[in-house]
Amino acid sequence: MAAISSLRPCSPHARTSKIARRPQFDWFARADRFESRSQHDPKRGRSHGPKTIPNLIEKSMRTTHLLSATVSLAVLFGAVSSAFATKHTITQSGLAFSPSTLTVAPGDTVRFVRTGGSHTVTSGANCTASGLFNAPLNATSTSFTWTVPSSVAGTTVSYYCIPHCGGGMRGTITVVAPPPSPDIDGDGAVNAADLAAVLGNWGGAGATDLDQDGSTGASDLAVLLAAWTG
Ligand SMILES: [Ca+2]
Ligand SMILES: [Ca+2]
Ligand SMILES: [Cu+2]
């Protein structure tokens, strides 16, 4: 929400009060008086004001505001496109992983955090490595983050700790199937036809329920627009 609030337009009043709160920059105030005198001159409009230091500063401040608004928009769109990637944490607790069972989606991250001792996080069932991941959890490597690849969607990934697997230090991560594609009609483009499908099934379930929350609505529209190809 900070991103939205920073989108408000540049207010000249806010700038003035900001300057007023900095009395050590005396020349600012003097230059402002000079600027306001030039404004009263009908031959010299504000936009054609002299190249005084405050004018140049104001110009660069305007640019900065434009830049921050652009950055805020980019952050906003980035947030929309990554809104469904969840960060999970599994903590090593004694000779166990907690939680030992977890359900994730492709694209999510799972961070394994050590609390003490020397362990590993090794993919595989029955204490046999599968090769998907294998990382130490010890004093020098206290955490390991695994980004769930789409290749394991719809499967259960087992993992264990090499030195303590026999004692039951194991866990499973269930990876759900990927959400429906925003390309609802499967023609390779996300465009007006897919938008029509979403609007035509408003409130309904199925392929248009892109975020799989049970019904087709505004959040699915957001998913569609974020994937828009035209
Ligand atoms: Ca399509
Ligand atoms: Ca939905
Ligand atoms: Cu261990």
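**Notebook: two helices, two sheets**

I noted at the outset that H5 and H6 are roughly antiparallel to each other, since their axes cross at roughly 175° and an angle over 145 degrees counts as roughly antiparallel. The axes of these helices, H5 at residues 192-200 and H6 at residues 218-226, come within 10 Å. I then looked up which residues make the contact, and found that Asp 194, Leu 195 and Val 198 in H5 meet Asp 220, Leu 221 and Leu 224 in H6. Sorted by character, the residues of this contact are four nonpolar and two charged, with no polar ones.

Before going further I reminded myself that this is a predicted model, and I checked the confidence. The pLDDT averages 77 over the chain, and 63% of the residues score at least 70. Over residues 1-49 the pLDDT is below 50, and this stretch has 27 contacts in the model beyond near neighbours in sequence. A second stretch, residues 66-82, also stays under 50, and there the model has 10 contacts beyond four places in sequence. Where pLDDT is low, the predicted coordinates should not be read in detail.

For the chain as a whole, I recorded six helices and nine strands. Of its 230 residues, 16% count as buried. Among the contacts with a separation of 6 or more, 45% are between residues 24 or more positions apart.

Next I turned to the sheets. One is an open sheet of four strands, in the order E2-E1-E4-E7, and its pairing is mixed. Strand E2 (97-98) and strand E7 (143-147) stand at its edges with a single partner strand each, so one side of each is left without a neighbour in the sheet. I followed strand E4, residues 109-113, to its neighbour E7, and found that the two run antiparallel and are joined by five bridges. Within that pairing, I asked myself which residue in E7 is the bridge partner of Val 110. It is Trp 146.

The other sheet I looked up is an open one of five strands, ordered E3-E9-E8-E5-E6, again with mixed pairing. Its edge strands are E3 (101-104) and E6 (134-137), each of which pairs on one side only. From one strand to the next, the twist averages 20°. Inside this sheet, strand E5 (residues 119-123) and strand E8 (residues 156-160) run antiparallel and are joined by two bridges. As a last entry, I noted that Ser 123 has Tyr 159 in E8 as its bridge partner.

Conventions. Residues numbered from 1 in each chain as written. Chains lettered and ligands numbered in written order. Predicted model: local features only at pLDDT ≥ 70, side-chain atom pairs only at ≥ 80, totals over all residues. Pairing = 2+ DSSP bridges. pLDDT = per-residue confidence, 0-100. Contact = placed C-beta atoms within 7 Å. Axes fitted to C-alpha atoms, helices over the stretch in contact; angles between N-to-C directions. Parallel < 35°, antiparallel > 145°, perpendicular 65-115°, else oblique. Nonpolar A, V, L, I, M, F, W, Y, C, P; charged D, E, K, R; others polar. Buried ≥ 20, exposed ≤ 12 C-beta atoms within 10 Å, placed from the backbone.
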